[in-house]
Amino acid sequence: MAATLSAVASVPLTPPNFDLSILGDLSPEDQHTASNIASLPIDKMIAEACRREFKYFVQEMWDVVEPGSPYIHGWHIDAICDHLQACAEGRIRNLIISVPPRHSKSTIVSVLFPAWLWIKYPEKRTLFVSFAA
């Protein structure tokens with residue numbers, strides 16, 4: 001059975017589709033209890049994945065911000081998330097996201113991305129601009 005973070009996610013990140021390589025080094029508190037990453041509780045792995053990778057955060061938190069709308073994953077969501085994370089990490093300075101309506105860009109960019117930024121980088125200040133013709 002799949003475990004999810006806070007039991008609120010509609011798309012659980014569970015092995016084998018969970019990429020353990022993003023977890024990197026264990027924190028000092030986990031080093032003494034875990035001989036390897038696989039022995040960590042699944043909720044800790046998911047929480048750490050969500051903190052480090054924005055696309056996992058989107059998958060896990062979708063049901064919280066859009067409870068009546070199922071999360072439907074697509075390559076465009078990976079592309080948006082990867083580019084937003086690159087902006088947060090300073091690899092991209094300016095970003096324009098131009099995709100058709102109803103592709104979740106507003107929810108991802110205006111709701112989930114600021115929440116993830118405040119968790120990962122509480123010291124950062126951001127400006128989001130939108131234009132409708």
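These are my notebook entries on a predicted model of a protein chain.

**Entry 1: confidence**

I started with how far to trust the coordinates. The protein chain averages a pLDDT of 77, and 69% of the residues score at least 70. The start of the chain is the part I marked in red: over residues 1-17 the pLDDT stays under 50. The model still has 38 contacts beyond four places in sequence for residues 1-17. Where pLDDT is low, predicted coordinates should not be read in detail. I therefore left the contacts of residues 1-17 alone, as the pLDDT there is under 50 and low-scoring coordinates are not for detailed reading.

**Entry 2: overall layout**

Next I looked up the secondary structure. I found five helices and zero strands in the protein chain, so to speak an α-α-α-α-α string from the N terminus on. Of the 133 residues, 32% are buried. I also checked how the contacts are spread along the sequence. Among contacts with a separation of 6 or more, 66% are between residues 24 or more positions apart. The accessible surface comes to about 8600 Å², and carbon and sulfur atoms account for 56% of that surface.

**Entry 3: helix α2**

Which residues of α2 are buried? I looked through residues 42-52 and noted Met 45, Ile 46, Ala 49 and Cys 50. These four sit on the same side of α2, because they cover an arc of only 130° around the axis. The general rule fits on the page here: an α-helix has 3.6 residues a turn, so residues three or four places apart point the same way. I then asked what the buried residues of α2 pack against. The partners are α3 (54-65) and α5 (105-120).

I picked Ala 49 for a closer look, as a residue of helix α2. Its relative accessible area is 0%, so Ala 49 counts as buried. I also took a distance to Glu 60: the two are 11 residues apart in sequence, and their C-alpha atoms are 10.0 Å apart.

**Entry 4: helix α5**

I went to α5 next. The buried residues here are Thr 107, Ile 108, Val 109, Leu 112, Phe 113, Pro 114, Trp 116 and Leu 117. Their cover includes α2, α3 and α4 (75-88). Where does α5 bend? I found the bend at Leu 112, by about 35°, with a proline, Pro 114, following within four residues.

**Entry 5: the core**

I looked up the largest nonpolar core, which has 22 residues. Phe 54, Val 58 and Ile 108 touch the most other members. The elements giving two or more residues to this core are α2, α3, α4 and α5. For background, I jotted down that nonpolar side chains tend to be buried together in soluble globular proteins.

Val 58 got its own contact list. Setting aside neighbours within four places in sequence, Val 58 is in contact with Tyr 71, Ile 77, Cys 81, Ile 108 and Leu 112. Leu 112 is also the residue where α5 bends.

**Entry 6: Gln 85**

Gln 85 lies in helix α4. Is Gln 85 buried or exposed? I read a relative accessibility of 6%, so Gln 85 counts as buried; the cut-off is under 20%. Not counting residues up to four places away in sequence, Gln 85 touches Arg 52, Glu 53, Phe 54, Arg 91, Phe 113 and Trp 116. I had already listed Phe 113 and Trp 116 as buried in α5.

**Entry 7: the loop between α4 and α5**

I checked phi angles here. Most residues other than glycine have a negative phi. Arg 102 is not a glycine, yet has a positive phi of about 70°. Ser 104 is not a glycine either, and has a positive phi of about 75°. Arg 102 is in the loop between α4 and α5, and Ser 104 is placed in that loop too. With a relative accessible area of 83%, Arg 102 is exposed, whereas Ser 104 is partly exposed at 24%.

**Entry 8: after α5**

My last stop was Phe 128, in the segment after α5. Phe 128 is partly exposed, with a relative accessible area of 36%. What does Phe 128 touch, not counting residues up to four places away in sequence? I noted Val 109, Phe 113, Pro 114 and Leu 117, and these four are among the buried residues of α5. Phe 128 and Pro 114 are 14 residues apart in sequence and 9.3 Å apart in space, C-alpha to C-alpha.

Methods:
Residues numbered from 1 in each chain as written. Predicted model: local features only at pLDDT ≥ 70, side-chain atom pairs only at ≥ 80, totals over all residues. Heavy atoms only, no water. Buried < 20%, exposed > 50% of the residue type's maximum accessible area, 1.4 Å probe, protein only. Arc of directions from axis to C-beta. Contact = heavy atoms within 4.5 Å. pLDDT = per-residue confidence, 0-100. Areas by Shrake-Rupley, 256 points an atom, 1.4 Å probe, with all protein chains shown as cover. Bend = angle between axes of the 7 residues up to and from the residue. Core = buried A, V, L, I, M, F, W, Y, C linked by side-chain atoms within 4.5 Å.
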